[in-house]
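Open your viewer and keep the selection box at hand. This tour goes stop by stop.

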Amino acid sequence: MNDRRRPIRMCVRCDRITDAPVVVSEVHQASGPGFTVYACRECAPLFPPVPDAFDLLGGER
């Protein structure tokens, strides 16, 4: 028996509740905790890919 709860989030684009959320953005704030933005699987391809922090800084992996 699987007692793990599936994540449930609301899609930022269509406002539907989904149990298969996809991360489409991460919002960082200097004055407090940031937050993660989710979309449903149907809307997720409409968002640009989340940039990799190393790519933004020009760092090597």
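What follows is a walk through a predicted model.

**Stop 1: the core**

Select Cys11, Val24, Val37, Ala39, Cys40, Cys43 and Ala44. These seven residues form the largest nonpolar core. Now single out Ala44. Setting aside neighbours within four places in sequence, Ala44 is in contact with Val22, Val24 and Ala39. Two of those partners, Val24 and Ala39, are listed in the core as well. Next, pick Cys43. Is Cys43 buried or exposed? Cys43 counts as buried, because its relative accessibility is 5%.

**Stop 2: the cysteines**

Stay with the sulfur atoms. How many disulfides does a search of the whole structure find? The count is zero. A disulfide is a covalent bond between the sulfur atoms of two cysteines. Go back to Cys43 and show its sulfur. The nearest cysteine sulfur belongs to Cys40 and is 3.6 Å away, and Cys43 is in no disulfide. Then select Cys14 with Cys11. Why is there no bond from Cys14 to Cys11? The sulfur of Cys11 is the closest cysteine sulfur to that of Cys14, but at 3.6 Å it is too far for a bond. The cut-off for a disulfide is 2.5 Å. Cys14 is partly exposed, with a relative accessible area of 30%.

**Stop 3: an unusual backbone angle**

Select Asp15. This residue lies in the loop between S1 and strand S2, which covers 17–18. Look at its backbone. Asp15 is not a glycine, yet its phi is positive, at about 65 degrees. Most residues other than glycine have a negative phi.

**Stop 4: two salt bridges**

A search of the whole structure finds two salt bridges. Begin with Asp19 and Arg6. Their closest N and O atoms are 4.0 Å apart, and the two form a salt bridge. This pair links distant parts of the chain, 13 residues apart: Asp19 sits in the loop between S2 and S3, and Arg6 in the segment before S1. Asp19 is partly exposed, at 41% relative accessible area. Arg6 counts as exposed, at 56% relative accessibility.

Now move to Glu42 and Arg16. They form a salt bridge too, and here the closest N and O atoms are 3.2 Å apart. Where do the partners sit? Glu42 is in the loop between strand S4 (35–39) and helix H1 (53–57), and Arg16 is in the loop between S1 and S2, so the pair ties together parts that are 26 residues apart in sequence. Glu42 is exposed, with a relative accessible area of 56%. Arg16 counts as partly exposed, at 43% relative accessibility.

**Stop 5: a nonpolar surface patch**

Select Ile8, Met10 and Ile17, and turn on the surface. Together they make a nonpolar surface patch of about 330 Å². Zoom in on Ile8. This residue lies in the segment before strand S1, which covers 9–10. Ile8 counts as exposed because its relative accessibility is 53%; the cut-off for exposed is over 50%.

**Stop 6: Val23 and its partners**

Finish in strand S3, residues 22–27, and select Val23 there. Val23 is partly exposed, with a relative accessible area of 39%. Which residues does Val23 touch, not counting residues up to four places away in sequence? They are Thr36, Val37, Tyr38 and Val50. One of them, Val37, is also listed in the largest nonpolar core. Last, draw a distance between the C-alpha atoms of Val23 and Val50. The separation is 8.0 Å, though these residues are 27 residues apart along the chain.

Key: Residues are numbered from 1 along each chain as its sequence is written. This is a predicted model: local features need pLDDT of at least 70, side-chain atom pairs count only at pLDDT 80 or more; totals for chains, interfaces and linings use all residues. Side-chain values use heavy atoms; hydrogens and water are left out. Patches are made of residues with over 30% relative accessible area and no salt bridge: like charges are joined within 9 Å, nonpolar side chains (Val, Leu, Ile, Met, Phe, Trp, Tyr) within 5 Å. Accessible areas come from the Shrake-Rupley method with a 1.4 Å probe; for residues, only the protein chains shown count as cover. A salt bridge is a side-chain nitrogen of Lys or Arg within 4 Å of a carboxyl oxygen of Asp or Glu. Helices (H or I, at least four residues) and strands (E, at least two) are DSSP runs, numbered from the N terminus. Buried means under 20% relative accessible area, exposed over 50%, partly exposed in between (1.4 Å probe, protein chains only). Contact means heavy atoms within 4.5 Å. A nonpolar core is a set of buried Ala, Val, Leu, Ile, Met, Phe, Trp, Tyr and Cys residues joined through side-chain atoms within 4.5 Å.
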